[in-house]
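Please open the structure in your viewer and keep the selection panel at hand for a short walk through its salt bridges, a pocket and the ligand site.

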Amino acid sequence: MREDASYFIDSARLSGAALERKHRLENDPASRTDVMAYAPDMERIDSDVREKVLSAAAEYEPAAYSAADVERALAHDTCSIEDFAALLSSAAAPFLERMAQRAQRETGRRFGNTVYVFTPLYIANYCDNYCVYCGFNRYNDIARRRLTEAEIAREMEVIAASGIEEILLLTGESPAMSDIAYIGEACRLAGRYFRNVGLEIYPVNTADYQYLHECGADYVTVFQETYDAVRYEALHLAGRKRVFPYRFEAQERAILGGMRGVGFSALLGLADFRRDALATALHVYFLQRKYPHVEYSLSCPRLRPIVNNAGINPRNVHERELCQVLSAYRIFLPYVGITVSSRESASFRDGIVKIAATKVSAGVSTGIGDHEEKYEGKEARAAGDEQFEIADARSLAEMYAGLSRGGLQPVLNDYVYV
Ligand code: SF4
């Protein structure tokens with residue numbers, strides 16, 4: 001699709017074979033690998049969840065719903081898949097106020113007025129993949145860093161001193177530069193400073209998830225980005241991430257590896273966002289039926305500008321559409337946690353935590369090794385570039401005060417290990 005060319009970065013410092021390969025991947029679909037073919041070392045699991053989710057998403061026609069379908073969905077006490085499909089449709093747009101009120105009631109019933117606060121920590125930004133919309137992609141000319149153990153410990157010390165008790169560790173997706181042993185050590189270090197440790201890393205096999213769980217990781221988030229395999233193929237041009245089914249099955253492998261929780265999301269704006277939102281929620285729904293003991297969460301990222309391409313934007317997913325998606329998520333999956341990241345503005349996050357969201361990040365940097373500078377005003381070291389621009393840079397103290405002023409109860413930890 002030609003509009004995808006707006007994602008491509010003119011990598012001025014790239015030359016020779018690398019530049020040639022980049023252009024070939026962008027312009028010649030025949031030069032790319034089969035998006036459905038597992039690499040030999042990728043584990044296959046026996047699961048019917050992918051088939052169920054993708055066939056439901058393929059059949060979904062958001063334009064086929066009417067106001068009467070939306071009225072009917074809102075009249076039901078429990079929300080069926082068909083009701084959820086109606087609530088996500090464009091026919092539901094005029095019902096946003098009623099949907100938000102219903103979502104607010106559901107959130108209050110299950111979560112009270114609590115909002116969980118955490119922070120992400122990027123420990124490396126090397127990536128082998130070519131996702132055309134992402135600042136970390138292998139062909140983007142950015143400052144790359146991988147923190148040493150001592151640097152990770154210092155970052156964690158600074159973050160923990162701010163009061164944060166849950167950390168989400170992120171790397172780019174480079175098994176060579178951020179191998180499992182490195183990530184495992186980071187989890188062990190995190191256990192000294194935080195009560196909860198989440199991971200957002202490249203998908204791995206069950207045995208590796210089990211190892212990382214033993215090292216202290218307690219939940220795993222993987223963004224499928226889009227559940228539309230054709231769009232997925234056009235946007236993920238190279239690297240292991242290109243293997244669509246292996247990524248799809250990551251959460252199930254993480255569950256089999258013993259993780260307490262798993263997180264899901266599409267990157268809204270890459271494809272038809274209504275269909276992607278339906279598929280994301282159904283991914284949770286079917287796994288929840290198969291593994292009811294696990295804690296599930298949803299995120300809702302939209303596209304953001306990146307280093308070397310400030311023009312990337314969330315396309316047709318504006319705050320109203322995002323509010324509709326999140327209200328529909330809450331009505332359909334009342335017990336599932338919903339995270340709203342710092343990609344969204346402070347005003348949107350302050351509003352959505354009163355309606356549907358149950359978890360927000362604070363004190364966020366998507367750069368590598370710059371927390372000392374950002375939290376304590378110390379002189380900058382050689383930091384790695386950021387993955388994308390954030391919109392809400394509030395510290396934990398500011399977030400805590402803002403939530404409290406809004407009548408909400410910020411929660412830093414509600415897990416006790418016995
Ligand atoms: S989205 Fe993830 S896998 Fe893709 S380029 Fe960015 S960091 Fe790498």
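A salt bridge here is a side-chain nitrogen of Lys or Arg within 4 Å of a carboxyl oxygen of Asp or Glu, and the structure holds 28 of them. This is a predicted model, in which local features need pLDDT of at least 70 and side-chain atom pairs count only at pLDDT 80 or more, while totals for chains, interfaces and linings use all residues. Residues are numbered from 1 along each chain as its sequence is written, and side-chain values use heavy atoms, with hydrogens and water left out.

Select Glu165 and Arg195 to begin, whose side chains meet in a salt bridge with an N to O distance of 2.9 Å. Glu165 is in the loop between helix H6 (149-161) and strand E2 (166-170), and Arg195 is in the loop between helix H7 (180-193) and strand E3 (196-200), so that distant parts of the chain, 30 residues apart, are linked; helices (H or I, at least four residues) and strands (E, at least two) are DSSP runs, numbered from the N terminus. Glu165 counts as partly exposed at 24% relative accessibility, and Arg195 also counts as partly exposed, at 47%, where buried means under 20% relative accessible area, exposed over 50% and partly exposed in between (1.4 Å probe, protein chains only).

Next, select Arg349 and Asp392, which form a salt bridge with their closest N and O atoms 3.0 Å apart. Arg349 lies in helix H14 (residues 346-352) and Asp392 in the loop between helix H15 (371-376) and helix H16 (396-405), so the pair ties together parts that are 43 residues apart in sequence. Both Arg349 and Asp392 are buried.

Now move to the second largest pocket, a pocket being an open set of points on a 1 Å grid over the protein atoms alone, where a 1.4 Å probe fits, with protein on both sides within 12 Å along at least five of seven lines. Its lining has 16 residues, counted as those with an atom within 4 Å of a point, and Ile331, Phe332, Leu333, Pro334 and Tyr335 lie nearest the centre of the pocket. Helix H5 (96-111), helix H12 (273-290) and helix H13 (319-332) each give two or more residues to this lining, with the largest share, four residues, coming from H5.

Finally, select the residues around the ligand, each with a heavy atom within 4 Å of it: Cys127, Asn129, Cys131, Cys134, Phe136, Asn137, Glu173, Lys241 and Gln387.
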